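Me: I'm new to reading protein models and would like to know how the words used for them are earned. Could you walk me through a few, please?

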Amino acid sequence: MAPRAHGGAPVTRADVVVVGAGLAGLAAARDLEAGGAEVVVLEARPRVGGRVEQEELPDGRRVQLGGEVVGTAHTSYLGLVAELGLTLVPSYVAEPGEITRQVTESIDVGDWPAWCTDADRASYDVVEAALDKICSSIDPDDPWTCPDLGRLDRLSVGDWLREVGATANVLRLWELVHLSLSDGSIERQSLFAYARKIVVGGTTGSYDVEQWENLRVTEGSATVALTMAAALRDVRLSTPVARIRVGAPGCAVTTATGERVDARAVVLAVPSGPARDIEIEGVSEDRLTSLRRQRHAWAAKFVAAYDHPFWRDRGQNALSESEGVLGSTWPQQDGVLSALVPPERFAAFASSDADTRTREALAQVAELYGPEAEAPLRTWTRLWGSDPWTQGYVTNWRPGDVELVGPLHGTHEPPFYVCGSDQWVAGYMEGAVRTGRAAAAAALAQGHDRLDHQGER
């Protein structure tokens, strides 16, 4: 794949260009190369991994600064981990102690906060039964056939909870959960999107960490990306893409510095926000509209490393749901605490200076787990919402968004293919791997591995 000249700028020829070296792009490139294609991967950042990233402490602990955990239903990701020779261990769900809930007026430790009554528990069961009924109407292989899709999509989770008679405290519990997930308030989230996530994810009932977040990669989730990248032939870092042209007899991808890669096919593997910043030609307007209507929750991640898990001394497992700036905390490994800042708190968090952000985050952790929290070995903050190469966290499906994005979501228009965590409704690392591998399979099936590398267009 030696470069050749084109108007003074170098041009490379390949079978497939993959735009983005996050989990989705790397998984696609790996399978494409295994299928015989010559692949060029273009990544805007100076590293691979996208929203998975890690650093190592002097004591050898690998700290995850991005995605960490998966669930037993995340079969594509688990299969890839096995293929790479990496291993899995129980995640924070195995941590001893009890969950903590922080609201304005109290901090409660235990399965149910003190402000929940027997009537609230009964109401919670009624809500779960109603949710199961909705989920049963959604086909995981073709959710667009749901007979009540329009109404359910335009209905917020909060309005639906009130519709089925949820008590005020059950509403508050659900809001705490969604603040902890940082995917948007129940008042601004499509009920259909939420139910669809549950069904497509292969789980039952409302979001349960025992099903969705019970495993982690022993070697670190970022090691999955690093291992894939190390085996690829041509990964170009610090190479943002400015323009993609799709057409006969092939495609052309132009970088921000004017370099060009010509290929038979393009795989777009970047989040929808950065994708909107790329000029794309030769793709149907309906597809571009679908891609550009997807939105991400503007969230942030905060991580603090300590010399020991001091929360255990208080009978807490370091898992929390909160109405504070940090919507949730959890122990990612021994003595390392992770936290998410939800969209509803992101502006206040991101608009302050770095020292203030850290001080306020640690003060909240200290409220939850005691004064030892204010003396970490080190802290890290990742502002995904304002990062130009991320522009958000998981997909934020507001009421009506599923219909606006439409059934082109997650599909392809050969020789243009899409993948990424936001291309699968359950999102997360599973969505990235699942759609990355699916995009590669679709491209190989179309024969995008047979470019004549000696010829000219």
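Me: What makes the residues lining the second largest pocket nonpolar, polar or charged, and how many fall in each class?

Reply: Good place to start! In this predicted model, the lining of that pocket divides into ten nonpolar, six polar and four charged residues. The class follows from the residue type: Asp, Glu, Lys and Arg count as charged, and Gly is among those that count as polar. R196, H409, G410, Q423 and W424 belong to this lining, as you'll see next.

Me: What volume does the second largest pocket have, and which residues are closest to its centre?

Reply: Its volume is about 430 Å³. Of the 20 residues that line the second largest pocket, R196, H409, G410, Q423 and W424 are the closest to its centre.

Me: Why is this pocket said to lie between two domains?

Reply: Look at where its lining comes from. Domain 1 (12–52 + 220–295 + 398–451) and domain 2 (92–213 + 297–386) both give residues to the lining of the second largest pocket, so the pocket lies between them.

Me: Which helices supply residues to that lining, and which element gives the most?

Reply: Helices α7 and α15 (428–445) each supply at least two residues. The element that gives the most is α15, with three residues.

Me: What makes a space a cavity and not a pocket, and how many cavities of 30 Å³ or more are found?

Reply: In a cavity, a 1.4 Å probe fits but cannot get out, whereas a pocket is open. A search of the whole structure finds three cavities of 30 Å³ or more. The largest cavity has a volume of about 140 Å³, and the second largest has about 50 Å³.

Me: What lines the largest cavity?

Reply: It is lined by 13 residues, and D183, K197, T395, W397 and V425 lie nearest its centre. By class, the lining has eight nonpolar, three polar and two charged residues. Helix α7 (residues 191–200) gives the most to this lining, with three residues. Domain 1 and domain 2 each provide at least three residues of the lining.

Me: And which residues line the second largest cavity?

Reply: Among them are L268, V270, P271, L291, C419 and Q423. By class, this lining has seven nonpolar, two polar and one charged residues.

Me: Let's turn to single residues. Why is R287 called buried?

Reply: The cut-off for buried is under 20% relative accessible area. R287 has 7% relative accessibility, so R287 counts as buried. You can find R287 in helix α11 (residues 285–293). Not counting residues up to four places away in sequence, R287 touches L408, T411, H412, E413 and F416.

Me: Is Q333 buried or exposed, and how do you know?

Reply: Set the value against the cut-off again: buried means under 20%. Q333 has a relative accessible area of 17%, so Q333 is buried. This residue is found in strand β20 (residues 328–333). Leaving aside neighbours within four places in sequence, Q333 is in contact with R61, R62, V63 and R216.

Me: How many residues apart in sequence are Q333 and Q364?

Reply: They are 31 residues apart in sequence, and their C-alpha atoms are 20 Å apart in space.

Me: Last one! Where does UniProt place the feature "domain: Amine oxidase"?

Reply: The unreviewed UniProt entry places it at residues 23–443. In the model, the end C-alpha atoms of residues 23–443 lie 17 Å apart, and the span is 35% helix and 20% strand.

Note on methods:
Residues numbered from 1 in each chain as written. Predicted model: local features only at pLDDT ≥ 70, side-chain atom pairs only at ≥ 80, totals over all residues. Heavy atoms only, no water. UniProt positions renumbered as here; feature names shortened; annotations may be inferred. Helix = DSSP H or I, 4+ residues; strand = E, 2+ residues; numbered from the N terminus. 1 Å grid on protein atoms, 1.4 Å probe; cavity = no way out; pocket = protein on both sides within 12 Å on 5 of 7 lines; lining within 4 Å. Points joined across faces, edges and corners; volume = space filled by probe spheres on them. Domains from an automatic or database assignment. Buried < 20%, exposed > 50% of the residue type's maximum accessible area, 1.4 Å probe, protein only. Contact = heavy atoms within 4.5 Å.
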